[in-house]
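Dear colleague,

I am passing on the structure we spoke about, and below it you will find notes on its aromatic rings. Please read them with the model open beside you.

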Amino acid sequence: MSGATIADAERVGRMPWSGLLALFSAAFTAVMTELLPAGLLPQLGVALGVPEGRAGFLVTAYAVASTLSAIPLTALLRGLPRRPVLVGTLAGFALFNTVTALSSSYAVTFGARVLAGVMGGILWAMLVGYAARMVPVERRGRAIAIVSAGITVALCAGIPAGAALASAFGWRAAFLGLAVVAVALVGWVLWKVPDFPGEAAAVRVPLRRVAVLPGVRTILGVTVLVLVGHQAMYTYLAPFVAFAGLGRTSVVLLVFGVGTVAGIWVTGVVIDRFPRVTLVVVLAVVAGAMAVLAVTGGPGWAPLGAVALWGAAFGGVPTLLQSALVDASGAGNADAATSMQTTVYNAGIAAGSLAGGLVLEGAGAGALPWTSLPLVAVALAVVVAARRRAFPARRV
C-alpha cells in the first residue's frame with residue numbers, strides 16, 4: 001500500500017486492513033514458532049535423540065534469545081527503514097523454521113531456535129509501533145488491537161491446528177508449514193504494508209531517555225505487576241482446577257480462551273474512545289475474578305464464571321498497555337519503548353511462573369489466587385493514581 005493510499009484511507013476514516021492483517025499474521029507466525037514445540041516434545045525428543053526435558057529447552061532457548069535481543073537489536077536497527085527490517089525478520093523465521101524441519105541434530109536445532117528467538121525479539125519490538133504509524137492517532141488503539149489479536153488466534157486456534165497437522169503428517173511438516181507461511185508473508189508485506197523511514201541519527205532519542213519519558217516507567221511497572229499476577233495463577237491453572245474440583249482442565253482453558261477472544265474484540269471497539277476507563281475496568285474485573293476464585297474454593301458456576309471474566313478482562317490488557325506506552329513515548333519512539341516492554345513482559349512471565357511454583361509447593365493450589373490478587377490490585381491502584389501522564393483519560 002502506497003503512502004498516498006494510506007493518506008486517502010485516513011481522510012475518509014477507513015482502516016488499512018490489508019496491511020494490519022499482514023502484521024496480525026506476523027504476530028500469529030511468531031507465537032506459533034515460539035510455542036509449537038511445546039506440544040511436540042515427545043516427537044522432537046525421539047527425532048533428535050534427547051530426553052523430553054532437553055527437547056523442552058528448545059522453547060526456553062527461543063524465549064531467552066527473544067528477551068535478551070529485543071532492546072540491543074532495536075537500538076541497533078532504529079535508523080533503518082522499517083519495512084526491510086520487517087521483511088528480514090520474516091525471512092529469518094522462514095529460514096530457521098526450515099532448518100528446524102530438516103535438522104536431525106539437537107545442536108543445529110537448538111541454534112536455529114536461538115536465532116528464531118532473535119527474530120522474535122526484533123519483531124515484537126516493532127509490530128506495535130508499525131501499526132500505530134499506519135493509522136491516524138484516533139484509530140491507534142484499534143490498530144494495535146487488530147495486530148495483537150494474532151497472539152490470541154495463535155494460542156486458541158493455531159497451536160491446536162499445528163499439533164493436529166503434526167499428528168497427521170509429522171512434526172517436520174508443521175515447521176515447514178510455518179516456513180511457507182513466513183515466505184508468503186514476505187510477499188504480503190512488500191505488497192500491502194507501507195514503508196516508513198528509520199530514525200535519523202540527529203533526532204534519534206537514546207533508549208535511556210525514552211525510558212525516562214513521563215509515564216513510560218509507570219506503564220512498564222504496571223506491566224510487570226499484571227504479568228506476574230496473571231502468570232502466577234495461569235501457569236498452574238491445572239493444579240488449581242484439580243484442587244477446586246472444576247472438572248477437566250481443557251474445558252476450563254477453553255472457557256478462558258473464549259473469554260480472551262471476546263475481550264480483545266470489545267477492547268478494539270472501545271479503546272480509542274475510553275482507554276483509561278477500559279484499563280481500570282479490566283484490571284478491576286481481573287482482581288474481582290481472583291477474589292472469587294480465592295473464596296469459593298470448590299465446584300460450581302461461580303468459579304467457572306470467574307475464569308471466563310478473567311479471560312475476557314485479561315484479553316484486553318496487553319493491547320491497552322501497549323497503546324498507553326505508545327501514547328506516552330510517542331509513535332516515533334514506539335519501537336524503543338516496546339522493546340523495553342517486550343523484555344519486561346517476558347521477565348514478568350518468568351517471575352510469575354517462578355512465584356506461582358513456589359506458592360504451589362509451599363502453600364498449595366488454594367493460595368494461588370491470593371498470590372495474584374494483591375499484585376493486580378496494586379497495578380489497578382497505580383493506574384487509578386497515574387491519570388496525568390501514564391494513563392490519561394484522553395490522548396493528546
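Helix α6, which covers residues 106–133, holds both tyrosine 106 and phenylalanine 110, and the two lie four residues apart, about one turn of the helix. Please bear in mind that this is a predicted model. The structure holds seven aromatic pairs. In the pair made by tyrosine 106 and phenylalanine 110, the ring centres are 6.0 Å apart and the planes stand at 40°, which falls between the limits of 30 and 60 degrees, so the pair counts as tilted. Tyrosine 106 is buried, because its relative accessibility of 12% is under 20%, whereas phenylalanine 110, at 30%, is partly exposed. Tyrosine 106 also has a charged neighbour, since arginine 54 lies over the face of its ring, 4.5 Å from the ring centre.

A second pair is formed by tyrosine 234 and tryptophan 310, whose ring centres are 6.3 Å apart and whose planes are at 80°; as this angle is over 60 degrees, the pair is edge-to-face. This pair links distant parts of the chain, for tyrosine 234 belongs to helix α10 (residues 216–234) and tryptophan 310 to helix α14 (residues 301–329), with their positions 76 residues apart. Tryptophan 310 is buried, with a relative accessible area of 1%, while tyrosine 234 is partly exposed at 30%. Together with Phe256, Tyr234 and Trp310 form one aromatic cluster.

Finally, lysine 192 places its charged end over the ring of tryptophan 191, at 4.6 Å from the centre of that ring.

With best wishes

Definitions and conventions. Residues are numbered from 1 along each chain as its sequence is written. This is a predicted model: local features need pLDDT of at least 70, side-chain atom pairs count only at pLDDT 80 or more; totals for chains, interfaces and linings use all residues. Side-chain values use heavy atoms; hydrogens and water are left out. Rings of Phe, Tyr and Trp (its six-membered ring) pair if their centres lie within 6.5 Å; planes under 30 degrees apart count as stacked, over 60 as edge-to-face and the rest as tilted. Buried means under 20% relative accessible area, exposed over 50%, partly exposed in between (1.4 Å probe, protein chains only). A charge sits over a ring if NZ of Lys or CZ of Arg is within 6 Å of the ring centre and within 35 degrees of the ring normal.
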